[in-house]
Amino acid sequence: MTARLLTPALRPIFDQVVAGQRVTDDEALRLYGSNDLNGLGAIANVLRERKNGNVATYIHNQYINYANHCILSCQFCAFGAKKREAHAFEMSIDEIVEKARAGLKLGITEIHMVGGLHPTLKGEWYLELVSRLRALDPNFFVKAFTAVEIRHLASRIFKKPIRETLELLRAAGLCALTGGGAEIFAPEIRDQICRGKETAEEWWEVHRTWHEMGMRSTATMLYGHIETAAQRVDHLRRLRTWQDETRGFTGFIPFAFEAEGARPGVLQNIRHATAFEELKNLAIARIYLDNFDHITGYWVSLGLPLAQQALNYGVDDLHGTIMEEKIFHMAGATTPQHQSCAALEKAIREAGREPMQRDTWYRRIAPTWRPPAPAGELAVA
Ligand code: SF4
């Protein structure tokens with residue numbers, strides 16, 4: 001699409017982005033007010049292509065949730081549980097390691113692991129877990145814990161400063177932090193949907209410290225509930241400012257709120273974001289976050305067909321194979337539990353992009369997927 005085909009409101013922003021200029025917060029708000037979805041996609045595509053050419057990536061990974069016992073009760077969360085609740089679960093280290101070992105045989109390059117804020121697990125348990133996972137294969141990435149889990153580990157479990165806690169976990173083999181827990185950063189929204197969770201500044205303190213240690217993490221946004229467009233822009237503004245400081249975020253992963261699993265209260269009866277809204281939000285994120293190299297279309301939330309569409313709306317990454325997703329599915333998501341490498345590659349290819357496997361830090365590995373071996377396993381070179 002050329003600038004001529006854009007609505008008059010979007011044309012100056014298209015020119016600005018082509019010229020390499022940042023969009024302002026007011027302009028981002030104007031983008032949220034626009035219904036010219038294809039125009040937004042065209043602008044987002046300028047940045048996507050500039051940063052990633054025609055390549056779209058995915059990771060061969062496996063999710064593991066070690067436990068869902070949690071001392072908090074966030075309004076939107078169907079995953080966290082008190083010990084007495086029927087859906088509470090806790091895996092042993094042996095069980096987790098066996099699961100990861102099975103995943104490694106299928107060729108995964110990353111374990112992605114989060115849990116609740118567990119009231120009783122000991123610091124040694126976490127360190128043994130991470131080190132035993134890492135010991136399975138030196139090239140294997142252990143990506144784990146949200147910022148609020150790290151704060152919980154630091155203050156209640158290890159009783160050490162954030163930096164020392166992160167250093168202990170890194171020494172054990174932790175390779176990357178997850179981007180979860182960001183929700184919407186505006187305090188007035190956090191107070192209603194996740195009271196007691198860390199503030200935006202506390203979330204950033206964990207990531208900043210991790211970045212200062214030379215490490216990388218991702219950032220997320222949970223949208224489509226009670227937040228306004230201005231609060232979404234505020235969320236993006238904070239991320240862009242912080243990324244200017246450290247350049248430690250590898251990718252941005254927004255996902256829409258699933259209402260079915262929400263606890264009674266302010267989040268009841270909210271309709272799920274439409275496909276239109278989801279593509280629009282992804283495109284605006286791509287346009288605004290000019291210092292993020294990658295925007296991920298999270299197929300667990302979008303569904304693979306829409307994630308594939310999103311490759312034309314600024315997205316250059318489809319996340320991963322995942323194998324077993326619990327958090328969104330406990331909240332009511334009806335998407336599949338996993339995708340094969342072949343399905344992700346096919347989706348990317350059909351959208352006219354070149355599929356490429358990546359590692360946890362979004363570094364391209366190569367198109368290494370091979371057809372299933374006779375034994376029924378996927379062989380990865
Ligand atoms: S979102 Fe995280 S911190 Fe909040 S209740 Fe759920 S598991 Fe606990």
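The following exchange goes through helix packing, buried loop residues and salt bridges in a predicted model.

User: Why are helices H2 and H11 called roughly antiparallel?

Analyst: Helix H2, residues 25-33, packs against helix H11, residues 275-288, at an angle of about 160 degrees, and their axes are 10 Å apart. Since angles over 145 degrees count as roughly antiparallel, the value for this pair leads to the conclusion that H2 is roughly antiparallel to H11. The crossing of these two helices is right-handed.

User: Which residues bring H2 and H11 into contact?

Analyst: From H2 the residues are Asp25, Ala28, Leu31, Tyr32 and Gly33, and they meet Lys280, Asn281, Ile284, Ile287 and Tyr288 of H11. Sorted by class, this contact of H2 with H11 holds six nonpolar, two polar and two charged residues.

User: What makes H3 and H11 oblique to each other?

Analyst: The axes of helix H3, residues 37-52, and H11 cross at roughly 40 degrees and come within 8 Å. An angle under 35 degrees would count as roughly parallel, and the roughly perpendicular range is 65 to 115 degrees, so a crossing at roughly 40 degrees belongs to neither class, and H3 and H11 are therefore oblique. The crossing of H3 and H11 is left-handed. The contact is made on the H3 side by Leu37, Leu40, Gly41, Ile43, Ala44, Leu47, Arg48 and Lys51, and on the H11 side by Phe276, Leu279, Lys280, Ala283, Ile284, Arg286 and Ile287. By class, the residues of the contact of H3 with H11 divide into ten nonpolar, one polar and four charged.

User: Why is H7 called oblique to H9?

Analyst: Helix H7, residues 162-172, and H9 have axes that come within 10 Å and cross at roughly 55 degrees. With roughly parallel ending at 35 degrees and roughly perpendicular beginning at 65, the value of roughly 55 degrees makes H7 oblique to H9. H7 passes H9 in a right-handed crossing, and the residues that meet are Ile162, Arg163, Leu166 and Arg170 in H7 and Glu205, Val206, Thr209, Trp210 and Glu212 in H9. The contact of H7 with H9 has four nonpolar, one polar and four charged residues.

User: How do you know whether Glu198 is buried or exposed?

Analyst: Glu198 has a relative accessibility of 3%, and because buried means under 20%, this residue counts as buried. Glu198 lies in the loop between helix H8 (187-193) and helix H9 (200-212). Not counting residues up to four places away in sequence, Glu198 touches Ala147, Val148, Arg151, Gly181, Arg190 and Trp203.

User: What makes Phe292 count as buried?

Analyst: The relative accessible area of Phe292 is 0%, which is under the 20% limit for buried residues, and Phe292 is therefore classed as buried. Its place is in the loop between H11 and strand S8 (294-295). Leaving aside neighbours within four places in sequence, Phe292 is in contact with Lys51, Ala219, Leu239, Gln243, Phe249, Gly251, Phe252 and Arg286.

User: Why is the pair Glu98 and Arg101 called a salt bridge?

Analyst: Side chains of opposite charge can pair when their charged atoms come close. For Glu98 and Arg101 the N to O distance is 3.1 Å, and because the cut-off is within 4 Å, the pair counts as a salt bridge. Both residues lie in helix H4 (residues 93-106), three residues apart, about one turn of the helix. Glu98 is partly exposed at a relative accessible area of 43%, and Arg101 is likewise partly exposed at 36%.

User: How do you know how Asp191 and Arg195 are classed by accessibility?

Analyst: Asp191 has a relative accessible area of 40%, which lies between the 20% and 50% limits, so Asp191 is partly exposed. Arg195 reaches 59%, and because exposed means over 50%, Arg195 counts as exposed. Asp191 forms a salt bridge with Arg195, their closest N and O atoms being 3.1 Å apart.

User: How many salt bridges are there, and which residues are linked in a network?

Analyst: The count comes to 26 salt bridges, and Asp25, Glu201, Asp234, Arg237 and Arg238 are linked in a network of them.

How values were computed:
Residues are numbered from 1 along each chain as its sequence is written. This is a predicted model: local features need pLDDT of at least 70, side-chain atom pairs count only at pLDDT 80 or more; totals for chains, interfaces and linings use all residues. Side-chain values use heavy atoms; hydrogens and water are left out. Axes are lines fitted to C-alpha atoms, for helices over the stretch in contact, and angles run from 0 to 180 degrees between N-to-C directions. Helices (H or I, at least four residues) and strands (E, at least two) are DSSP runs, numbered from the N terminus. A crossing is left-handed if the near helix is turned anticlockwise from the far one by less than a right angle, and right-handed if clockwise. Contact means heavy atoms within 4.5 Å. Ala, Val, Leu, Ile, Met, Phe, Trp, Tyr, Cys and Pro count as nonpolar, Asp, Glu, Lys and Arg as charged, and the others, Gly among them, as polar. A salt bridge is a side-chain nitrogen of Lys or Arg within 4 Å of a carboxyl oxygen of Asp or Glu. Buried means under 20% relative accessible area, exposed over 50%, partly exposed in between (1.4 Å probe, protein chains only).
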